[in-house]
Amino acid sequence: MEEDGYKSFAEIYDLFYGSRVEDIDFYAGLAERYGDPILELGCGTGRVLIPLARRGYKIAGIDNSESMLTILRKKLEKETKDVRERVEIIKADMRNFSLGKEFKLIIIPFSSIVHLKTLDDALSTFTNVFNHLNNKGAFAFDVFIPSHEYIVKKSRISFYTLDIDESRKLILWERAKYDPTNQYIYVDRLVEIVSGNDSKKYFWKYTLRWYTKPEIELLLRLAGFKKIEVYGDFNFGEYGYEKGLMVFLVFKKE
């Protein structure tokens, strides 16, 4: 995992993903069921963390990107004192953190495990989660499933424009190359923010690794987990490859 792979992109990250809300109620529902404290790995700019804190839950967020955490801290400054006091921000690597305490719910939203590029990285992360999870708690995360069409073609090109507001426009160009042998996706993303006659460009280059359901289940077993539930959406719907999403709910005991 890169030291700060989001550094060149953090400034505009929320323009892409800040309005994404389809998973918020899912993770909030788990918080209601299992309680707090909650630990979020890969918390980024707080897209999930802040709504959970607003709903009254104590939550710690871990991220390895200082640039993302800087934005999260600025966003928290605009929240009420009660919300701020429920949040703990920790700069750490999800593969090797050690906090010395347990959590009732640990979450990794928005397919963040695809930034773990090896099976050893994923196993280390799951083992850390196991060691920090309360015996009666739950571990939940979601993972995207890449389109079979793109895997076969071994490439994808995306281009679109987005009106940010009345004076600004976002232009995105993205190229992704798929490596079926090693399950890697190599992504080049160029973003231009146009405001009148001025523009600013951002370039983001990164590598993702996609995971299969059997791989993840085996890694979770090796980490010590005993009960694994897999769903196909955030409404606990039946899992199916064609849905493009795996949602895991995992427990230390049967």
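This is a short talk on the packing and salt bridges of one structure, a predicted model.

Okay, let's start with helix H2, residues 24-34. The buried residues there are Ile24, Phe26, Tyr27, Ala28, Leu30, Ala31 and Tyr34. What sits over them? The cover includes three strands from later in the chain, S4 (103-108), S5 (133-144) and S11 (245-251), and also strand S1 (38-41) and helix H3 (49-54). Right after H2 comes Gly35, and its phi is positive, near 85°.

Now the cores. The largest nonpolar core has 55 residues. Which residues have the most contacts inside it? Those are Phe139, Phe141, Ile216, Leu220 and Phe248. Take Phe141 and skip its neighbours within four places in sequence: Phe141 is in contact with Tyr27, which we just met in H2, plus Ile108, Ile113, Phe126, Ile216, Leu220, Met246, Val247, Phe248 and Val250. Apart from that core there is another one, of 31 residues, and among them are Leu30, Cys43, Leu52 and Val87. So H2 turns up again here, through Leu30, one of its buried residues.

Next, two helices that pack against each other. Helix H6, residues 119-132, and helix H8, residues 213-223, meet at an angle of about 50°, and their axes are 9 Å apart. At that angle H6 counts as oblique to H8. As for handedness, the crossing is right-handed. On the H6 side the contact is made by Leu119, Ala122, Leu123, Phe126, Thr127 and Phe130. H8 brings Glu215, Ile216, Leu219, Leu220, Leu222 and Ala223. You'll recognise a few: Phe126, Ile216 and Leu220 are also contacts of Phe141.

While we're around there, have a look at Val230, in strand S10. Is Val230 buried or exposed? Its relative accessibility is 16%, so Val230 counts as buried. Leaving out residues up to four places away in sequence, Val230 touches Lys213, Glu217, Tyr239, Met246, Val247 and Phe248. Gly240 is ten residues from Val230 in sequence, and their C-alpha atoms are 9.7 Å apart.

On to the charges. How many salt bridges does a search of the whole structure find? It finds 21. I'll pick out a few.

One is Asp14 with Lys75, where the closest N and O atoms are 3.0 Å apart. Asp14 is in helix H1 (13-17) and Lys75 is in helix H4 (66-76), so this pair ties together parts that are 61 residues apart in sequence. Both ends are partly exposed: Asp14 at 26% relative accessibility, Lys75 at 25%.

Then there's Glu79 with Arg54, at 2.6 Å between the closest N and O atoms. Glu79 lies in the loop between H4 and helix H5 (81-85), and Arg54 is in helix H3, so here the parts tied together are 25 residues apart in sequence. Glu79 has a relative accessible area of 15%, which means it is buried.

The next pair is Lys243 and Asp233, whose side chains meet at 3.6 Å, N to O. Lys243 and Asp233 are ten residues apart, and each lies in the loop between S10 and S11. Lys243 is partly exposed at 41%, and Asp233 is partly exposed at 23%.

Finally, there's a small network: Asp93, Arg95 and Asp121 are joined by salt bridges that share partners.

That's it from me.

Notes: Residues numbered from 1 in each chain as written. Predicted model: local features only at pLDDT ≥ 70, side-chain atom pairs only at ≥ 80, totals over all residues. Heavy atoms only, no water. Buried < 20%, exposed > 50% of the residue type's maximum accessible area, 1.4 Å probe, protein only. Helix = DSSP H or I, 4+ residues; strand = E, 2+ residues; numbered from the N terminus. Contact = heavy atoms within 4.5 Å. Core = buried A, V, L, I, M, F, W, Y, C linked by side-chain atoms within 4.5 Å. Salt bridge = Lys/Arg side-chain N within 4 Å of Asp/Glu carboxyl O. Axes fitted to C-alpha atoms, helices over the stretch in contact; angles between N-to-C directions. Parallel < 35°, antiparallel > 145°, perpendicular 65-115°, else oblique. Left-handed = near helix turned anticlockwise from the far one by under 90°.
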